[in-house]
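Biologist: I should like to learn how to read strands and pockets in a structural model. Could we work through an example together?

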Amino acid sequence: MLKRFLCLLTVLLLLPAACFAQEFVMAGFDGQESAKDWASNDFFTRMQERTGVGFTFQEYTDAAKWQAAKDGMFAQGGQLPDVLFKATLTSEELIRYTDSGQLIDLLPLLPENAPNLWALLQENPDWLAAITLPNGKVGALPMIQTLSTQNAMWINQTWLEELHLDKPTDMESLTQVLRAFRDRDPNKNGKSDEKPFLFIGPWDLKFFSHAYGVVANDYNLYLDDAGQVHYWPLEDSFAAFLADMRTLYAEGLLDPDGFEMADSLRLVTDEKATITYGAFFAPTPLYLLPLDHCQNYVVLEPLTAADGTQVYRDLNGQISRGTFAITSACADPAALLRWVDILYTEEGAIEAMVGKEGDCWSYAADGTWNWHTDDETMYRISSGAISITDTGEMPLLFPKAFNASFGDQAVTHVTSQCDVLAPYLRMAFPYYTLTAEQRAQVNPLQLELGRYADTAIANFVLGETPINDQTLTQFREELNQLGAAEMTAFWQSVADSLNP
């Protein structure tokens, strides 16, 4: 009998940890129209083998359905999962559900149960401030992205070399370069088919604000070094911006379809196509072009303003909030925090992104890494079975150095170019979280002001409204009537509260 018991004990000890996994219910959004299946994805299998934590899944790939699911689970009588992963929780949701107690405050649990993340937050207190709600709670953990992902200016370096041109350094030299792109057939096909600068609507055009020493946010606001909030459309530099954009458009240097274009309509998929794009705003050229063509494009450093300033808008910052939250239904929040804390280490993040070294990828002698090329690996990559980091926003410290060491030259070129803007980046406004009452106050103002300003930009640039003292005065008067001063005062109070 004793011998039988010892044999049984030995067998039990040899069983994998996954057999004894703690089981939790996870709900989340993998990204619009993702084809991944969390239940069979290698990421969760690897994490279960490592931690003994497993899940049953409520996975969504439609944003509207995920929002409806969130609303339902937090409603009275709703069934809460244990954890929300890739949760896309808004600030309003985080405040509401931490106030109700349906989302637990993670802040007091982090030092003991998420030491890797806690160390990062201590080293970067602005990150901790960014995820801390006005009620003092941390309702969700972030994605930390130290790779610069901006709406950058990409320019065709091949065309510059073909025409023996230097990179433009200010608005005047950019104009000269774009004229050369228009007139001198840089793609050498004998046609006048070049599009010197592509853009999509007023939002893209306002990224030229840096050429006037301004980095304004989507509210058209910015905070100066003295802590003063400015509403950019009321300032002289905005009038200069309008005048320069009108000149570019009138000369055919801006895409004539820019106010009506969509990303999908300008996407080039044929690798053999003649490229007609001189410069454009985009996070990477992959938004417009096949990978092989991306090597022809480089990021422009910020154009120098008249006062010598070189700045560029930091679009997203390094923090994406609301990615991982634990609900009051969870019986063991500490276990889930230990699970997610692995993703805030370089090793854990790499494994989350591409799996274990030697499985589907390996390092080369020069320190670069690449995927294995066997059929099984290629199938697993193409089917999205290896990882879920490429869709949606998940809790993770992005492994920047590892990503930059990928062995594909085109990919490493694009990755390296993304960091060109890093020394010049400035957030238009510090991280903040508005309460529901504050949003109710400011959102109607922004709706009216934003709509009017963007419409006016289009009309000025298209030439439908002439640019002169009279029309600019009328423009500013209308902004003031719509509440520009009230808008500025509101954000000044927010800025003052962030730096008491």
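Modeller: The discussion below takes up one strand, a loop residue and a pocket. This is a predicted model in which local features need pLDDT of at least 70 and side-chain atom pairs count only at pLDDT 80 or more, whereas totals for chains, interfaces and linings use all residues. Residues are numbered from 1 along each chain as its sequence is written, and side-chain values use heavy atoms, with hydrogens and water left out.

Biologist: How many residues of S5 are buried?

Modeller: Buried means under 20% relative accessible area (1.4 Å probe, protein chains only). A strand is a DSSP run of E, at least two residues, numbered from the N terminus. In S5, 5 of the 5 residues are buried, so the strand is largely enclosed by the rest of the structure. Ala152, Trp154 and Asn156 point one way, and Met153 and Ile155 the other.

Biologist: Which strand does S5 join through 4 bridges?

Modeller: Two strands pair if DSSP finds at least two bridges between them. S5 runs antiparallel to S9 (residues 277-282), with 4 bridges; there, Phe280 is the partner of Trp154. S5 also pairs with S10 (residues 297-299) in the antiparallel sense over 3 bridges, where Tyr297 partners Asn156.

Biologist: Is Gln145 buried or exposed?

Modeller: Gln145 is buried, at a relative accessible area of 14%. This residue lies in the loop between S4 (141-144) and S5 (152-156). Contact means heavy atoms within 4.5 Å; not counting residues up to four places away in sequence, Gln145 touches Gly317, Gln318 and Phe398.

Conventions:
Buried means under 20% relative accessible area, exposed over 50%, partly exposed in between (1.4 Å probe, protein chains only).
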